[in-house]
Amino acid sequence: MEGASVRKDLLSLLGKEKVLTEELDLMYYSYDSSFLTQLKPETPWAVVLPASTADVQAVMKYAYDHQINVVPRGAGTGETGGSVALNGGIVLDLSNFNEIVEIDQKNMQVIVRPGVIHAELNKRLAEYNLFFPPDPGSSQMCTVGGMVANNASGLRAVKYGCTEQYVLGLEIVLPNGDLIYAGGIKARTLKNVSGLNLTKLMVGSEGVLGVITQIRLRCWPKPKARGIVMAVFDSLDDAPATVLEIYQAGIMPSGMEILDSSAISAVNMYKPEINLPDAEAILLFEVDGNPPSVDYEGNVIQEVAGRRARTVEWSTEPKRMAQLWEGRSVTATAAARVRADGTRVFAGEDISVPLSKVADTLRAIRKLADKYGIKVVNYGHIGDGNVHTAPVINTSIPEEVEQVKKLVHEIHLLAIELNGSTTGEHGVGAVRRPYAEMEHGLAVEYMKKVKQAFDDKGIMNPNKLF
Amino acid sequence: MDFKNLPPVKEQIMKCVRCGKCRSVCPVFAELRYESAAPRGHVFMVQMLRDGVVKPSEEVSKRLTHCLMCENCSANCPSGIDIHELNAAARSYIEQKNPSIGKELLFDTLWTKPSLLNLSTSLMWGAQKAGLQKLARYTGLTKLLPGSLPQAEKILEAVPLRNARSMIPEINPARGEREYKIGYFLGCATDLLYPDIALAAIEVLTNNGCEVIVPRHSKCCGLPHIANGKLETAQSLAIHNCQIYNAYDFDYIITDCGSCSSALSAKNMHFLLGQTEHAQAGEIFAAKVMDLSKFLIDVLDISFPVNHNAKPITVTYHDPCHLANAQKIKDQPRELLRRIPGVKLAEMSDTNYCCGGSGTYSITHYQTSMKILDKKMAMIKLTGAETVATCCPSCTMQLNYGIRKHNMKCSVVHPIQLAREASKKKAVHSA
Ligand SMILES: Cc1cc2nc3c(=O)[nH]c(=O)nc-3n(C[C@H](O)[C@H](O)[C@H](O)COP(=O)(O)OP(=O)(O)OC[C@H]3O[C@@H](n4cnc5c(N)ncnc54)[C@H](O)[C@@H]3O)c2cc1C
C-alpha cells in the first residue's frame, strides 16, 4: 500500500488531531537516540498519537487488514533504532497516552498508561512514600512504556533489578487488534503463577509482539535515607577489585557506578561545580534504606574502598549527593565534551560482562579504541558488569564514522567472547540484531516462532530484535 | 549572514544525540506534544536545512517558531548545544529567502528607530484613551503583528502617556560622591510601557553613588529581531549600540531588563558579531554589561535602612528565562528582595518555568502562550503572594495579563520598585 492512501485512511479513522500526515511533521519521527538513525533517519508514512486503547486497536486492526508495519514509540530515547520505522509504516507515538490511572497504595502498586514519564511517576509516587525503583539515566525523558518494552534498568539495578521485576500485569493490543491482559484480567495480586507468563514475555519484547497500552507496576516503600561514597582510584584495576570486596563484606549497595578518567573530565566540563578529582577511575556507591543501616553500610564501604582508593568521600548531604548522582547520570551525553569538535555516538555502548571480567573488558576496550584511533569514554553500572562505552568522534568525517563502526563491531564480539552480552539494558532493536544468532543459537528460531504466534503477518516493528 | 558558516550551525548540530533532555524541559513541548515542537526536533530540522534536505520555506519556519526562545533547552543540554542560537540562525535564513513585508516594516524600520516606535505607542495611547480599539489596531504596532490579534490585543496594557526617555535626563549625577559611572541601557519595553521601572532604577542608582547616563541614541537590544528571523538587523543594532556606549568611559552598562542584558551579553555579542570586524567592539561593550539586580548586590552590596514599621508583604519571584536560563542570574534578585525590609519571599514551585510571554510570542502564538501562562499563574496562586516580582518587562506584561485573566488580586513589580520604596523610607526616617 502507498503512504498517501494510508494517511488518508488514518485521517478518516481517527481525525486530524490524532494523525500527523504532513511530510515535514513526519520527518521528526525519523530518529531516536541511536547512531544508526543519526546516520540514516527514516521517515514513517504516518504518525498516530493515540489517546486510548480503542485508538490503538483501531490502528492495529486497520494495519492488520492492510498489512502495514506499525512501530510503537515512547519518547524515542532508545539507542537502537527500535522506535523508528526503518522499513516504512505507521509510528504509534504513545507518549501522549500518559495518564496515571490509579495509585493503589493499599496494594503497593500503580496502574499507568504507557506514556507516563519515569521521573514524573516517581514524583507522584513519592507523595505516597512509594517508588518504582528502576532508574535509567534517561529517567526525566523516557516513558514507562518504553522502559517495559526495553526492560530498562539503570543506576540502581544492582540492588533493585530491572523493570521486569516490577511488572505485575499488562494490557496489550495485539497486531490483529485483539486486546489481551497478561498477569490476569482482574488481578491485583503481587504474587501470581497462574498461566504461561506472558507478562515476562512482553517485557523486553521491544514492540515486536504487540502494543502495551496499560501497565500494572509493583511499587516499593521509598527508602528513608541515602548516602553516597565516592572512591577515587589511581589504578583502573583497583575499581573492579573493590566492587568484589564490597560484596564479600556482605554489602549490597543500591548503586555501584564507575567513571574512567575521560568520563571524569567530561562530567567536570559539563558541570564544573561537581568538581570530581582527576583519577584513573572513580567509583560511586549509593546506599539506601533506614538511617542506621545507611550509616553502617556507608562505613563498611568507606573502610573497604579505603584499602585501595586514594581518597574516599562520604556524603549524606542532599545537595552534594544530587550533584554526584547527576554527574554520573549525565555522563551519557556529556561525554562529547572531551573533544571540542566531537560527538558522543550511541553505538557499542551497552555491553554486559561477567563481574570477574570487567577489568579485562575495560582494558580490551581501550586497546581496541587505540587500534582504531577513536577516543572513548567508559562508564557504567559496574556492580552488575554493564559497561557503557562512549566513542567520541567527528561525525562529519567519513573515515571516523567507518572506523567507529569497526570499533563497535569488535566491542560486541568482545562481549560475546568474554561470556557477556551485546546489551545489558538498552536492548537490541535494529543495531544489535546481527549478533542474535551468535548469542542465542537455535533459540532464535524459537523466538521467531513466538513472534509468529502473536504477529502472523509480521507487521509489528519488523526487522528488530532478531 | 552565511547560515551554514555560523559557528553554532557549523560546530554544534552534530553534537546532538537526540537524548531528549531538552524535550523534558521545554514548556512548549509540554503543551503541543508533537516532536516538531521538541528542541531536539528543532536541531534536527536545522540540520535538514543545512544539508538541503528541506527547503528554507515558511512551512519549516512555522515549526521552528513553535519555540519561544526561553533557552531552557540550551541551559540543560548535556552536550552544550545552544539550541536557541541554532533556531535563530535558521529563522533568519528562512526569512532572508522569504522576506515578509510586515516583518520588514516592524523589525527593520519601526523597531530600529526609537522615535518611530515611540510615535506608534503614542498613537496607541491616544487610541486607547479614546476607546478606539479599532483605531489602535490600525495605527501601528498591533496591526503588524500576526497571530490571534483580537485576543492578543488584550495582553497589551494601557500604554502610558510619557515614555521614560522623555522623563529622564541624559545625565543624572550621583547624589554625594560618585563611585561609578553607569551607562543605562533603556530597553524598549521599559521605556514605552513601564517607564516607572527606569525612574526607580535611576533614583536608586544615583542615591547609591552612581552617575547614570542614559545615552540618547541607543537603540533596541535586538532580541525581538533575533527571535523573528532578523539576525542582520540585530547585528546592525548591536554595532550601533557598541559604538554609542563604547564612546563613553563607563564602569558598567546596566539594564533593568533581563531580555536586554541577555541580548547584550558576551555570549550573544559573540553570536552576533564574533565573525565580523566588530567582534572586539562587541567584547569591550559586553564586558561592561550587567543586569541591574546583579549590580546592586554583587557590586554595590546595597543595604536599606532598618525599618521595624515596614509593612509586611509577601512577594514571590518569577525568574525571567533570559535572566535565569541565559545568564544564570537567580540569586541576586532574590537577595535584593530579601534585603528589603518587610518583604517575605514565598517561592513558587517552579520558579523558572516560563510565563509564556517571551516578547512577541504571546501575540504570535496566543493559544500556546496562554496554556503556559495558566500553569505559571497556578503556581503563583499557590504561594498566596500579593506581589509578584520579576526583572523583565515582557514577563511583567504577560503576568499582569495572567492576573487579569484569572481574576487574581496581586500586582507585578520589578524588585527595583520595591527597593526605591524602601529607600524612600530612609528619607522619611532621617527627616
Ligand atoms: C541519556 C540516556 C541515558 C540512558 N540511560 C539508560 C539507562 O540507564 N538504562 C536503560 O535501560 N536505558 C537507558 N537509556 C535508553 C532508553 O532511554 C531506555 O531504553 C528507555 O526505556 C526507552 O524509553 P522510550 O520511552 O524513549 O522508548 P522508545 O525509545 O520510544 O522505544 C523503545 C522501544 O520500545 C518500544 N516501545 C515503546 N513504547 C512501547 C509500547 N507502549 N508498547 C510496545 N512497545 C513499545 C519501541 O518500539 C522501541 O522498540 C538511556 C538513553 C539515553 C538517551
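Domain bounds here come from an automatic or database domain assignment. This is a predicted model in which local features need pLDDT of at least 70 and side-chain atom pairs count only at pLDDT 80 or more, while totals for chains, interfaces and linings use all residues. Residues are numbered from 1 along each chain as its sequence is written, chains are lettered from A, and side-chain values use heavy atoms, with hydrogens and water left out.

Q: What makes domain 1 and domain 2 of chain A separate units, and how far apart do their C-alpha centres lie?
A: The domain assignment of chain A places domain 1 at 3–95, domain 2 at 100–221 and domain 3 at 223–431. The C-alpha centres of domain 1 and domain 2 of chain A lie 23 Å apart.

Q: Why are domain 1 and domain 2 of chain A said to be in contact?
A: Contact means heavy atoms within 4.5 Å. In chain A, 13 residues of domain 1 are in contact with 18 residues of domain 2.

Q: What is meant by the area that domain 1 and domain 2 of chain A bury between them?
A: Buried area is the accessible area (1.4 Å probe) that two parts lose on being put together, summed over both. For domain 1 and domain 2 of chain A the value is about 1300 Å², with 68% of it on carbon and sulfur atoms. On the domain 1 side, Thr53(A), Met60(A) and Leu94(A) lose the most area, together 33% of what that side buries.

Q: Why is the pair Arg63(B) and Asp25(A) called a salt bridge?
A: The term requires a side-chain nitrogen of Lys or Arg within 4 Å of a carboxyl oxygen of Asp or Glu. The side chains of Arg63(B) and Asp25(A) meet at 2.7 Å, N to O, and therefore the pair satisfies the rule. Between chain A and chain B the count is two salt bridges, whereas the rule finds zero across the interface of domain 1 and domain 2 of chain A.

Q: How do you know how much area chain A and chain B bury, and which residues of chain A supply the most?
A: The area buried between chain A and chain B is about 2900 Å², of which carbon and sulfur atoms give 53%. Leu24(A), Tyr28(A) and Tyr31(A) supply 23% of the area that chain A buries against chain B, more than any other three residues.

Q: How many residues does each chain bring to the contact between chain A and chain B?
A: Chain A gives 40 residues and chain B gives 30 residues.
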